[in-house]
Amino acid sequence: MNLLTALCVVALPFLFKGSKMRENLVIFFSKGVIATLIDAYVVGSKRLEYPVRPFPKIFKTNIIYDILFFPLLSVFWVKLSYNDQLGKIILKSLLFSVPMSIGQWFFEKNSKLFKWKKWTPFHTFASVNFTLFTIRGLVGLLKKLDKVKSA
């Protein structure tokens, strides 16, 4: 958990460099809200629990995942798929969601970071893809609004 936190903190300034600062911030904060809401529902419905988490008396979810790791991952994914058509976007989403699903399965079996109760790698796969495409749709909407605004 400490390694993940350190890697996210180190990556943070690099992902927010460049001309797309506003979009990156929108992606980061939107993904944080979406991930937190989904995770709160999943934990509240007892499908998943986080025995090891920061501020356990305050949060039932793992805020490192919800407001740091997943949002940074989304910023990176949108940067990679920014000018792609749907086929390439789907392929790139698989490059993120499949390893994440396998990685979560591995860590669930071999660590105490989280415990699946009514959860599977397929749930992770679906939720990661849902949030990635939701955020990508938001970015597409922002791009269209920028074109309308500048016309």
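Helix axes that cross at angles over 145 degrees count as roughly antiparallel. This cut-off is applied below to a predicted model.

The axes of α3 and α4 cross at roughly 155°. This angle lies over 145 degrees, and α3 and α4 are therefore roughly antiparallel to each other. Their axes come within 9 Å. The crossing of α3 past α4 is right-handed. On the α3 side, the contact is made by F69, F70, L73, F76, W77, L80 and S81. On the α4 side, I89, K92, S93, F96, M100 and Q104 take part. By class, this contact has 9 nonpolar, 3 polar and 1 charged residues.

Helix α4 also packs with α5. The axes of these two helices come within 9 Å and cross at roughly 145°. Their crossing is right-handed. From α4, the contact draws on I89, I90, S93, L94, F96, S97, V98, M100, S101, Q104 and W105. From α5, P121, T124, F125, V128, N129, L132, F133 and R136 contribute. The class count for α4 with α5 is 12 nonpolar, 6 polar and 1 charged residues. Several α4 residues serve both contacts. Among them, I89, S93, F96, M100 and Q104 touch α3 and also belong to the contact with α5.

A further packing pair is α2 and α5. Here the angle is about 145°, and the axes lie 10 Å apart. Helix α2 passes α5 in a right-handed crossing. The α2 residues in contact are R22, E23, V26, I27, S30, K31, I34 and I38. Their partners on α5 are V128, F130, T131, L132, T134, I135, L138, V139, L142, K143 and D146. This contact comprises 11 nonpolar, 3 polar and 5 charged residues. Two α5 residues, V128 and L132, appear in this contact with α2 and in the contact with α4.

The cavity search returned 1 cavity of 30 Å³ or more. Its volume is about 250 Å³. The cavity is lined by 18 residues. Nearest its centre lie D39, F70, Q104, W119 and S127. The elements giving two or more residues to the lining are α2 (21-44), α3 (63-81), α4 (86-110) and α5 (121-150). Helix α2 provides the largest share, 5 residues. By class, the lining divides into 11 nonpolar, 4 polar and 3 charged residues.

The cavity lining and the helix contacts have residues in common. F70 lies among the residues nearest the cavity centre and also forms part of the α3 contact with α4. Q104 is likewise listed near the centre. This α4 residue takes part in the contact with α3 and in the contact with α5.

Note on methods: Residues numbered from 1 in each chain as written. Predicted model: local features only at pLDDT ≥ 70, side-chain atom pairs only at ≥ 80, totals over all residues. Heavy atoms only, no water. 1 Å grid on protein atoms, 1.4 Å probe; cavity = no way out; pocket = protein on both sides within 12 Å on 5 of 7 lines; lining within 4 Å. Points joined across faces, edges and corners; volume = space filled by probe spheres on them. Helix = DSSP H or I, 4+ residues; strand = E, 2+ residues; numbered from the N terminus. Nonpolar A, V, L, I, M, F, W, Y, C, P; charged D, E, K, R; others polar. Axes fitted to C-alpha atoms, helices over the stretch in contact; angles between N-to-C directions. Parallel < 35°, antiparallel > 145°, perpendicular 65-115°, else oblique. Left-handed = near helix turned anticlockwise from the far one by under 90°. Contact = heavy atoms within 4.5 Å.
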